[in-house]
Amino acid sequence: MNEIMTIKNLSAFYGSKEALHDITASVERNRITAIIGPSGCGKSTLLRCMNGTLSQEAGASFTGEICLEGENIADMRKEELCRRVGLVFQTPAPFPFSIEKNMGYALKYYGKKRSEIAAITEEKLRLAGLYDEVKNEMGKSALQLSGGQKQRLCIARALTVEPDILLLDEPCSALDVNSSRTIEELLLELKEKYTFVIVTHNLAQAKRIADRVIFLYNGELTEENESGKFFDAPQSERARAFLSGAFG
């Protein structure tokens with residue numbers, strides 16, 4: 001098993017309320033892992049634990065251990081963890097300036113030269129299938145892009161710093177069917193080079209693109225399995241009932 005991240009005995013809290021209870025799971029390199037489950041089961045909370053941002057929320061905390069490449073994320077500088085574990089939000093959130101500045105934002109922070117920024121910008125926009133659409137409009141405000149283009153820009157921007165893992169929180173929920181399918185095809189192509197964890201309420205989407213599934217129910221990990229096995233023959237009664245309600 002080619003694990004890039006391991007999660008051991010993770011519990012998460014908002015004040016005194018427990019949102020996740022004793023989660024132990026793993027993320028495998030160059031695969032798409034889908035976190036699924038009923039609304040309010042802790043999917044997004046788990047995602048925010050994985051890149052350390054939950055601890056930055058007022059009153060929120062988690063216990064247990066999350067290791068990236070064998071190193072506990074609690075021992076990492078926030079800047080390093082943010083670079084190595086990227087996050088793309090549910091609603092596309094480009095910065096309110098040009099496409100070019102969006103792409104160069106993190107690169108400039110990390111001291112890349114102008115020529116390097118230009119080369120990396122083109123490379124990542126091409127990976128996201130966006131370059132040909134925007135190459136003559138790099139000075140255009142990113143806010144003027146379509147919803148699907150904005151989300152691909154956010155993915156391309158996140159890839160500029162070469163993250164070990166890219167987390168995506170419901171990346172297609174605000175998009176139309178065609179844009180959603182474009183994002184799915186993009187992730188399937190990019191997993192040869194990158195590792196993705198996606199939170200999605202769309203079980204058909206998870207079935208189409210995920211290699212592995214983490215199924216949460218009431219803040220507990222009920223099942224973790226290969227996608228095909230999970231959808232074809234779920235092991236837990238809760239998973240069977242959930243899938244029956246969704247696909248039945």
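When I say that two residues touch, I mean that they have heavy atoms within 4.5 Å of each other. Please keep in mind throughout that what we are looking at is a predicted model.

Let me start with Asn51, which sits in the loop between α1, residues 43-50, and β4, residues 60-68. Setting aside residues up to four places away in sequence, Asn51 touches Leu81, Val85, Leu87 and Leu167. Is Asn51 itself buried or exposed? Its relative accessible area is 8%, and because the cut-off for buried is under 20%, Asn51 counts as buried. The side chain of Asn51 also makes a polar contact of 2.8 Å with the side chain of Thr53, and the C-alpha atom of Asn51 is separated by 7.3 Å from that of Gly86, although these two residues are 35 apart along the chain.

The helix that leads into this loop, α1, has six of its eight residues buried, so it is largely enclosed by the rest of the structure. Those residues are Lys43, Thr45, Leu46, Leu47, Cys49 and Met50, and α1 is followed by Gly52, whose phi is positive, near 80 degrees.

Now let me turn to α7, residues 177-190, whose 14 residues should span 20 Å at 1.5 Å a residue, and whose end C-alpha atoms are indeed 20 Å apart, which agrees. At its N-terminal end α7 is capped by Asp176, which has a side-chain oxygen 3.3 Å from the backbone nitrogen of Asn178.

Which residues of α7 are buried? They are Ser179, Ser180, Ile183, Glu184, Leu186, Leu187 and Leu190. These buried residues cover an arc of only 160 degrees around the axis, which puts them on the same side of α7. As a reminder, an α-helix has 3.6 residues a turn, so residues three or four places apart point the same way. On the other side of α7, Val177, Asn178 and Glu189 are exposed, while the cover over the buried residues includes β3, α4, α6, β7, β8 and α8.

Finally, the nonpolar cores. The largest has 41 residues, and those with the most contacts inside it are Ile36, Leu125 and Ile155; α6 gives the most to this core, with six residues. Leaving out neighbours within four places in sequence, Leu125 is in contact with Met103, Leu130, Tyr131, Val134, Met138, Leu153 and Ala156. Apart from this core lies another, of 29 residues, which includes Ile23, Leu46, Val85 and Ile165. That brings us back to the opening residue, since Val85 is one of the residues that Asn51 touches.

Terms used:
Residues numbered from 1 in each chain as written. Predicted model: local features only at pLDDT ≥ 70, side-chain atom pairs only at ≥ 80, totals over all residues. Heavy atoms only, no water. Helix = DSSP H or I, 4+ residues; strand = E, 2+ residues; numbered from the N terminus. Buried < 20%, exposed > 50% of the residue type's maximum accessible area, 1.4 Å probe, protein only. Polar contact = N/O pair within 3.5 Å; in protein donor to acceptor, adjacent residues only side chain to side chain. Expected span 1.5 Å × (residues − 1). Arc of directions from axis to C-beta. Core = buried A, V, L, I, M, F, W, Y, C linked by side-chain atoms within 4.5 Å.
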